[in-house]
Amino acid sequence: MVSETKKLIRYLIIGGLAAATHFSVAWLAIHARSGIAPFAAALGFSAGFIVSLVGHHSFTFKSNQKMHVVAPKMAVIAIFGISYNAILVQALLIIGIGTDLAILAGIATTPLANYILMRLWVFRV
């Protein structure tokens, strides 16, 4: 259990760094390119994805797998996370949950779902 707790803490650290990278790069791109938000968001997401990939590979899960094996699976996880979040929020809105709570539910559960998928499928630890 201690080892799982340590993995979760490392996961949160890397996730925080990836989110901060995503935001920082997007913010810089918006200001440098006069507000082209979709471009900035994509650039920020890409930078955050790299931080997430490298960080989870080498720090969170301390994997010995080759990066070319892990990277495509992490891309699938990223697509899953975006899709899961959007579908969950929409489903909660349909059943009458308020927008704020629906978004908070997505924020709370998407990282957990991603962690489980990374642990069991991507890094198999």
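These questions and answers walk through a predicted model of one protein chain.

Me: How many helices and how many strands does the chain have?
Reply: Start at the N terminus and read along. The elements run α-α-α-α. Strands number 0 and helices number 4.

Me: What percentage of the residues of the chain count as buried?
Reply: Buried here means under 20% relative accessible area. The chain has 125 residues to sort this way. The share that counts as buried is 29%.

Me: Which atoms supply 75% of the area that the chain exposes?
Reply: Take the exposed area as a whole. The chain exposes about 7,700 Å². The 75% comes from carbon and sulfur atoms.

Me: What share of the contacts with a separation of 6 or more joins residues 24 or more positions apart?
Reply: A contact needs heavy atoms within 4.5 Å. Count the contacts in the chain with a separation of 6 or more, then pick out those between residues 24 or more positions apart. They account for 63%.

Me: Which elements give two or more residues to the lining of the largest pocket?
Reply: This pocket holds about 650 Å³ of space. Its lining has 23 residues, and A18, F45, S52, T110 and N114 lie nearest the centre. The elements that give two or more residues to the lining are α1 (2-32), α2 (37-60), α3 (67-94) and α4 (99-122).

Me: How many charged residues are in the lining of the largest pocket?
Reply: Sort the lining by class. Nonpolar residues number 13 and polar residues 10. Asp, Glu, Lys and Arg would count as charged. The number of charged residues in this lining is none.

Definitions and conventions
Residues are numbered from 1 along each chain as its sequence is written. This is a predicted model: local features need pLDDT of at least 70, side-chain atom pairs count only at pLDDT 80 or more; totals for chains, interfaces and linings use all residues. Side-chain values use heavy atoms; hydrogens and water are left out. Buried means under 20% relative accessible area, exposed over 50%, partly exposed in between (1.4 Å probe, protein chains only). Accessible areas come from the Shrake-Rupley method with a 1.4 Å probe; for residues, only the protein chains shown count as cover. On a 1 Å grid over the protein atoms alone, a cavity is a set of points where a 1.4 Å probe fits but cannot get out, and a pocket is an open set with protein on both sides within 12 Å along at least five of seven lines; lining residues have an atom within 4 Å of a point. Grid points are joined across faces, edges and corners, and a volume is the space filled by probe spheres set on the points.
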